[in-house]
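The following note is offered to a colleague who is meeting this structure for the first time. Please read the numbered points with the sequence and the model side by side.

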Amino acid sequence: MENEHFIGKGVAEMNTKKIIILTCVFAIAGLAACDQLQPILHPTSPSQACTDGGQVLNVGFYACFSPVSYSADEEPTAEGFSTHLGYEADLLTALETMEGAGLSFARHPIAVWPDIWLKSAYPEYDIVGGGITILDSRTRDENGDKAVNFTSGHIKFRQSLLVRTEDAERLADYADLTSDVRVGVLYATTGEARLLELTGLVDANGVLAEGTRVTTPQGTVVADGTVMYMITAANATPNLAGRSHLYPPLENMPQVIYFGDEGGESELLDALAAGTIDAIARGEIGNRDAVKAYNNTFTVSVLDEEVELGGFTLAVEDAALASCIDEKLNYLTDDRNIGYAEWVADPLIFMRRAEMWNN
């Protein structure tokens, strides 16, 4: 999704079901902790098989979040679009390798981000992943009913600001983001939601500050400080759908410009390089990866203090399966002591853990 430095490889498996192929239109940036969920799953026996051994679970994976979860080829019509790579791909492959776990996956790329977490409640998918932050609001459908459960978290995220290196001192804190600063975000992500909260553009409930002007396909709307104008990590009010530019009501708040309609995260990076925007607000993992990909012409200038967790989703009726998979994931990550940094240093680390399990 964000650059050409792909680290680690996942093994894709195909079945005869139709692969859902969509154009990459939105990307995940990184993720807010405003309603972080720590699900309580029923404990399972370490030796328990998660399925009967003959069942192949359909995994919907987000295709545009390198290096966490992405397709080998970003072109939806290419054969490589169905090949799953990245941190989560390697986790899934290690799960398949664990003897007695009874886990086998067929992987299907999903390229549209909003509400991806709810797709495990659809018949096409048993599991959905792609660097999805664990939030209670993301477990509920449009009616507010519980639709999915998260596993308990296998990767840690922090929000950050990516800037051109020459601007690192000028934009060294969220307080430096004034109304003449243009911050790029990816639509409908927790990176967006966290930026708005940290800069005061929304309150803790996601209500936009009064006087905020928002450009939408229907024209410019002005927030009145009520729940009629809300943006959260899970959704936004209908009058803000398709938003493209947010103008702050006060001088000590930044402009927010939205990207991702066509090129996902690459649009953000191109805009930063061209000077169209001054900063990118998204997760640290993607931003650190971009620093390397762009040969240090970019710099991560700010790190959020909040730590977030990412997990897979499964339908609420699959709670027992979620619990069993979660127990295996906790083993592979050594109860979160092995994470993204360890995987970057040793992309085979989860396979080594699986081999230890087998021995």
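1. A polar atom in the side chain of Arg164 lies 2.7 Å from the backbone oxygen of Leu272. The model is a predicted one, and this distance, like the other values in this note, is computed from it. Arg164 belongs to strand E9, which covers residues 159–164. With a relative accessible area of 13%, Arg164 is buried, since the cut-off for that class is under 20%.

2. The surroundings of Arg164 come from later parts of the sequence. Setting aside neighbours within four places in sequence, Arg164 is in contact with Leu272, Gly275, Ile277, Asp278, Thr297 and Phe298. Leu272 thus appears both in this list of contacts and as the residue whose backbone oxygen faces the arginine side chain at 2.7 Å.

3. The strand that carries Arg164 also pairs with another strand. E9 and E15 run antiparallel and are joined by five bridges; in one of these pairings, Leu162 has Ile280 of E15 as its bridge partner. E15 spans residues 279–283, and five of its five residues are buried. Strand E10 (residues 182–186) is joined to E15 as well, here in the parallel sense and by two bridges. Val183 stands opposite Ala279 of E15.

4. Strand E1 deserves a separate look. Which residues of E1 are buried on its two faces? Leu57, Val59 and Phe61 are buried on one side, and Asn58, Gly60 and Tyr62 are buried on the other. In a regular strand the side chains alternate between the two faces of the sheet. The count for E1 agrees with this picture of cover on both sides: six of its six residues are buried.

5. E1 has two strand partners to be followed in the model. It runs parallel to strand E5 (residues 105–110), with six bridges between them, and Asn58 has Ala106 as its bridge partner in E5. E1 also pairs in the parallel sense with strand E6 (residues 127–133), over three bridges. There, the bridge partner of Gly60 is Val128.

6. Val128 of E6 leads on to another residue, Thr313, with which Val128 is in contact. Thr313 lies in strand E17, residues 308–315, and counts as buried at 0% relative accessibility. Beyond neighbours within four places in sequence, the contacts of Thr313 are Trp117, Ser120, Asp126, Ile127, Val128, Val148, Asn149 and Phe150. The C-alpha atoms of Thr313 and Gly130 are 9.9 Å apart, although 183 residues separate the two along the chain.

7. What does the side chain of Thr313 meet in a polar contact? Its partner is the side chain of Ser120, at 2.9 Å. In addition, a polar atom of the Thr313 side chain lies 2.9 Å from the backbone oxygen of Trp117. Both Trp117 and Ser120 are also among the contacts of Thr313.

8. The model contains one disulfide, formed by Cys50 and Cys324 with their sulfur atoms 2.2 Å apart. Cys50 sits in the segment before strand E1 (57–62) and Cys324 in helix H5 (residues 319–332), so the bond ties together parts that are 274 residues apart in sequence. A disulfide is a covalent bond between the sulfur atoms of two cysteines. The torsion about the S-S bond of Cys50 and Cys324 is about -85°, and the disulfide is therefore left-handed. Both Cys50 and Cys324 are buried.

9. Among the helices, H1 (residues 87–97) may be examined for its cover. Because 10 of its 11 residues are buried, H1 is largely enclosed by the rest of the structure. The buried residues of H1 are Tyr87, Glu88, Ala89, Asp90, Leu91, Leu92, Thr93, Ala94, Leu95 and Glu96. The list thus includes charged-type names such as Glu88 and Asp90 beside Leu91 and Leu92.

10. Finally, some totals place these details in context. The secondary structure amounts to seven helices and 17 strands. Of the 359 residues of the protein, 57% count as buried. Among contacts with a separation of 6 or more, 74% are between residues 24 or more positions apart. The accessible surface comes to about 14400 Å², and carbon and sulfur atoms account for 50% of that area.

Definitions and conventions: Residues are numbered from 1 along each chain as its sequence is written. This is a predicted model: local features need pLDDT of at least 70, side-chain atom pairs count only at pLDDT 80 or more; totals for chains, interfaces and linings use all residues. Side-chain values use heavy atoms; hydrogens and water are left out. Helices (H or I, at least four residues) and strands (E, at least two) are DSSP runs, numbered from the N terminus. Buried means under 20% relative accessible area, exposed over 50%, partly exposed in between (1.4 Å probe, protein chains only). Contact means heavy atoms within 4.5 Å. Accessible areas come from the Shrake-Rupley method with a 1.4 Å probe; for residues, only the protein chains shown count as cover. A disulfide is a pair of cysteine sulfur atoms within 2.5 Å. A polar contact is a pair of N or O atoms within 3.5 Å; within protein, one must be able to donate a hydrogen and the other to accept it, and residues adjacent in sequence count only if both atoms are side-chain atoms. Two strands pair if DSSP finds at least two bridges between them.
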